[in-house]
Amino acid sequence: MIDGLGDFARKLSRVVAQIENALLAGLGLGLLIAAAAQLLFRMWGAGPVWLDPLMRSATLWLALIGALVATREGRQLHIDVLAQRLPQRLGQLARVLVAAFTAAVCALLAQASWTLLLLEREGGGTAFAGVPNWWLLAILPLVFALMALHALGRLAPAPDGQPG
């Protein structure tokens, strides 16, 4: 039962990673195309007024998804000078505590951003071209929740017995 659950979790993790990577590449490419289009529009002196706010929102989404991928790969910004200088067992304990703390903070941020999303939805404001503000903020709780899951995943041992 546990092995089956572990296999399912690993497969789900791979699928989520593929989706994250595709979103990151797609948003990056889309932002590049939008920037080139905006440059051409400015050379001609015209262009859609919604393109600039769209690019700002896409930049936020790109940064958040990039941070999510970095968290998944264990390459997020962290200070582990202490963990490297401790004996192996204590260093491992320090890494576990940092991963648990990271997961807790991300879970709290997911909850807070969910509240923000609900408040924005209730407020009914629009960002540009009739797009509701809350649509642009919808990524926040999702990314923070996935970051928390990635951090928790670092606590579980990998199939080879090494820490996640």
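In the predicted model, Glu20, Arg72 and Glu73 are joined in a network of salt bridges. Two contacts of Arg72 make up this arrangement. In the contact between Glu20 and Arg72, the closest N and O atoms are 2.6 Å apart. Because Glu20 belongs to helix α1 and Arg72 to helix α2, this pair ties together parts separated by 52 residues in sequence. Both partners are buried: Glu20 has a relative accessible area of 4%, and Arg72 one of 16%. Arg72 also forms a salt bridge with Glu73, for which the closest N and O atoms lie 3.3 Å apart. Unlike the buried Arg72, Glu73 is partly exposed, at 37% relative accessibility.

Over the whole structure, the search returns 3 salt bridges. Besides the contacts of Arg72, there is a salt bridge between Arg56 and Asp52, with 3.3 Å between the closest N and O atoms. These two residues are 4 residues apart in helix α2, which means that about one helical turn separates them. An α-helix has 3.6 residues a turn, so residues three or four places apart point the same way. Arg56 is exposed, with a relative accessibility of 53%, while Asp52 is partly exposed at 32%.

Helix α2 itself covers residues 51-72 and contains 22 residues. From its first C-alpha to its last, the helix reaches 31 Å, close to the 32 Å expected at 1.5 Å a residue. The buried residues of α2 include Leu51, Pro53, Met55, Ser57 and Ala58. Also among them are Leu64, Ile65, Leu68, Val69, Ala70, Thr71 and Arg72. Just after α2, Gly74 adopts a positive phi of about 70°.

The loop between α1 and α2 contains Gly47, a residue that is partly exposed at 38% relative accessibility. The C-alpha atoms of Gly47 and Ala37 are 8.8 Å apart in space, with the two residues 10 apart in sequence. Helix α1 spans residues 2-44 and includes Trp44. This tryptophan is exposed, having a relative accessibility of 64%. Together with Leu39, Leu40, Phe41 and Met43, Trp44 forms a nonpolar patch on the surface. The combined accessible area of these residues is about 570 Å².

Aromatic contacts amount to 1 pair under the criterion applied. The pair consists of Trp134 and Trp135, whose ring centres are 6.2 Å apart and whose planes meet at 85°, so the geometry is edge-to-face. Trp134 is partly exposed, with 24% relative accessibility, and Trp135 is likewise partly exposed, with a relative accessible area of 47%. The ring of Trp134 has a further contact: the charged end of Arg121 sits over this ring, 5.0 Å from its centre.

Helix α6 comprises residues 139-153, 15 residues in total. The distance from its first C-alpha to its last is 21 Å, close to the 21 Å expected at 1.5 Å a residue. Buried positions in α6 include Ile139, Leu140, Pro141, Val143 and Phe144. Met147, Ala148, His150 and Ala151 of α6 are buried as well.

How values were computed
Residues are numbered from 1 along each chain as its sequence is written. This is a predicted model: local features need pLDDT of at least 70, side-chain atom pairs count only at pLDDT 80 or more; totals for chains, interfaces and linings use all residues. Side-chain values use heavy atoms; hydrogens and water are left out. The expected span of a helix is 1.5 Å times one less than its number of residues. Buried means under 20% relative accessible area, exposed over 50%, partly exposed in between (1.4 Å probe, protein chains only). Rings of Phe, Tyr and Trp (its six-membered ring) pair if their centres lie within 6.5 Å; planes under 30 degrees apart count as stacked, over 60 as edge-to-face and the rest as tilted. A charge sits over a ring if NZ of Lys or CZ of Arg is within 6 Å of the ring centre and within 35 degrees of the ring normal. Patches are made of residues with over 30% relative accessible area and no salt bridge: like charges are joined within 9 Å, nonpolar side chains (Val, Leu, Ile, Met, Phe, Trp, Tyr) within 5 Å. Accessible areas come from the Shrake-Rupley method with a 1.4 Å probe; for residues, only the protein chains shown count as cover. A salt bridge is a side-chain nitrogen of Lys or Arg within 4 Å of a carboxyl oxygen of Asp or Glu.
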